[in-house]
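Got your viewer open? Let's walk through this one stop by stop, with something to select at each.

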Amino acid sequence: MFDLILKGGEIFDGTGSEGAVGDIGITDGRITEIGSMETDGAREIIDASGLVVAPGFVDMHTHSDFTLIADGRAESQVHQGVTTEVIGQCGISCAPVCSHDAIPKVSPWYTERARHACWHGFGEYLDALDATDLGVNVMAFVGHGTVHRAVLGDELRAGEPDEVGRMARLVDRSMDEGAGGFSSGLEYFPGILAAPEHLVPMCEVAAKHGRLYATHVRNRDTHYDLGFAEAISTARQAGARLQISHIQPKFGAPPHAMEHTLEMIELARNRGADIAFDVIPHDWNHTIMAAILPKWAQAGGIDEVLGRLSDPESRQRIKANPQPMWLIVKARKWKDIVLLNATSNRDIVGADFEEIGRLRGVDPYDAVLDILLEEGENLMAAIWSSKSFSDIDVELCLRQPECAVISDTVAIANDGILKDFVGSLSGYGWAARFLRHYVLERNVIGLAEGIQKITSIPAKRLGLKDRGELRAGFYADICAFDKSAIASNATARNPRRYASGIAHVLVNGKPSMRNGKRTEVNAGQVLREFAS
């Protein structure tokens, strides 16, 4: 007797094989049979005829560390077929911390409106996640930036050898307590302070545990080759498996940068390196607005940063920064930069900075710094997006067999306490846009390979046990969608629209979406055990 049979869909198993019509039998949260089966042997039948049936999508790079604590339903992700998220990326994680007061400082998209347990260690943080009704499964990396703050606070230095040793021990303990990997964000404070000699000891811990080192590299524009070479060198010295996050070069890189980067990776692989990468399926690049500040301006607490923003002399130094995180700012292409999320300035979300500057009667760069100042304690929640990526680069990456596709966003909802939050321009539709734009319309890759890039490729890379494929014995994480209707509906002006075309989503065998409607079921689990 099956608990549920998903009947008559075109089954793509996630391995890259072409689809075939069949049924999937599910018992106790796992797939027990795939083939043709009688419906009288099931407690429940879901008709999937005319639909593509795929493994649930695995988003291997998100920043939902706190949004899942605040609202675990993960509506923006479930509505587009995501069943597993990986948090703790770009060096940012909610744990470990030295005090409960530090939680708001390290937690991305933190909101005081959320009621939650407090934590110190990584295991305690995962326990807090476990206590939440989760719409998706969650794997968590531990971030270098958070570990650095736990040892050095806001000090403007990378750490002496004994302090780096303490950081490595914190990473080791976090992995013992369930962290699935180690990440760094070398364009952000405090990652921007660290050199390879500071990161290698922590990467060695990841290697010892058989876990990934995922990095947001130091530079993807003018000095792109130095940034990628540093990532490869760090992983090589540590003997760690390397995942290069959102690899596509940014505005300011030469036209050959993507091709050259792939050549660098191939050369390193020929000498034994284990390297893979992922891309955001969009030519828009998003980040926190505060990242435009030079490292000296980001030092200390929020009050110190706000003090510098209000000081005319400091402002001039900020604007004169010769190497800002986004060279598109230095080039003053303000029409290609939009405000994506703000607390005190919600009325202008979706507007570009040429328009914002004109409305305020100030230079657009001053409008940027004014908005940061006005956001006050919510400074780190201010997000913007720029047209800094190239579609040509994205397509080149997608043709590489090891490339995964990610959101680089947060799980949110257009109702509840997160209803005003935005994680990225494609946060409500990254997977849908990838399948519609690059696979079904542009035919950059076929549907079977496209599904593979958001299912088995990330699952295997992460060491997720029994997930990422439709196979007997695997967990029943499943997405059934209409390939003629799947699409993202999000725009800069209206970024909180759910995707279209998703009919059914099962998480651990339980329907979280049925016939295009969200159910009240949240069957996600915190994942703490991984294959090496």
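Before the first selection, one term: contact here means heavy atoms within 4.5 Å. Keep in mind, too, that this is a predicted model.

**Stop 1: Ala179**

Select Ala179, in the loop between α6 (161-176) and β10. With a relative accessibility of 0%, Ala179 counts as buried. Now show what surrounds it: setting aside residues up to four places away in sequence, Ala179 touches Phe122, Ala140, Val142, Ser174, Arg211 and Phe530. For a distance label, try Phe2: 177 residues separate Phe2 and Ala179 along the chain, and their C-alpha atoms are 34 Å apart.

**Stop 2: the whole chain**

Zoom out and switch to cartoon. You should have 19 helices and 21 strands on screen. Along the principal axes, the C-alpha trace spans about 75 × 50 × 50 Å. The radius of gyration is 22 Å, which agrees with the value near 24 Å for a compact globule of 532 residues. Colour by accessibility and you'll find that buried residues make up 63% of the 532. If you like contact maps, take the contacts with a separation of 6 or more: 75% of them are between residues 24 or more positions apart.

**Stop 3: the nonpolar cores**

In soluble globular proteins, nonpolar side chains tend to be buried together. Here, the largest nonpolar core has 148 residues. Select Trp119, Leu129, Phe353, Leu372 and Phe481, which have the most contacts inside that core. Then add helix α17 (residues 430-441), which gives the most to this core, with seven residues. Apart from this core lies another one of 17 residues, including Val86, Phe141, Ile280 and Ala404.

Go back to Phe481 and draw its surroundings. What is Phe481 in contact with, leaving aside its neighbours within four places in sequence? The list includes Leu51, Val52, Ala54 and Phe57. Also among the contacts of Phe481 are Leu435, Leu447, Ile451 and Ile486, along with Gly501, Ile502 and Ala503.

**Stop 4: helix α11 and a buried arginine**

Select residues 302-310, helix α11, and pick out Arg308 within it. What is the nearest side chain of opposite charge to Arg308? It is Glu304, 4.1 Å away. A salt bridge needs a side-chain nitrogen of Lys or Arg within 4 Å of a carboxyl oxygen of Asp or Glu, and Arg308, though buried, has none. Not counting residues up to four places away in sequence, Arg308 touches Trp296, Ala297, Gln298, Ala299, Ser314 and Arg315.

Now look down the helix axis. In α11, Val305, Leu306, Arg308 and Leu309 are buried. These residues cover an arc of only 160° around the axis, so they sit on the same side of α11. Show α10 (295-298), α12 (312-319) and α15 (364-375) as well, since these are the helices that the buried residues of α11 pack against.

**Stop 5: backbone oddities**

Most residues other than glycine have a negative phi, and most peptide bonds are trans. That makes the next four selections worth a look.

- Ala95 and Pro96: the peptide bond from Ala95 to Pro96 is cis, with omega near 5°. Pro96 lies in the loop between β7 (82-87) and α3 (103-106).
- Phe189 and Pro190: a cis peptide bond joins this pair, with omega about 5°. You'll find Pro190 in the loop between β10 (181-185) and α7 (196-209).
- Trp109: phi is near 55°, a positive value in a residue other than glycine. Trp109 sits in the loop between α3 and α4 (122-130). At 10% relative accessibility, Trp109 counts as buried.
- Asp466: phi is near 60°, again positive in a residue other than glycine. The loop between α19 (456-462) and β18 (478-481) holds Asp466. Is Asp466 buried or partly exposed? Asp466 is partly exposed, with a relative accessible area of 32%.

**Last stop: Ala240**

Finish at Ala240, in the loop between α8 (224-238) and β12 (241-244). Ala240 counts as buried, at 9% relative accessibility. Measure across to Tyr213: the two C-alpha atoms are separated by 6.5 Å, although the residues are 27 apart along the chain. Leaving aside neighbours within four places in sequence, Ala240 is in contact with Cys203, Ala207, Tyr213, Ala235 and Asp274.

Conventions. Residues numbered from 1 in each chain as written. Predicted model: local features only at pLDDT ≥ 70, side-chain atom pairs only at ≥ 80, totals over all residues. Heavy atoms only, no water. Helix = DSSP H or I, 4+ residues; strand = E, 2+ residues; numbered from the N terminus. Buried < 20%, exposed > 50% of the residue type's maximum accessible area, 1.4 Å probe, protein only. Lys, Arg positive; Asp, Glu negative; His and termini not counted. Arc of directions from axis to C-beta. Core = buried A, V, L, I, M, F, W, Y, C linked by side-chain atoms within 4.5 Å. Rg over C-alpha atoms; globule rule 2.2 N^0.38 Å.
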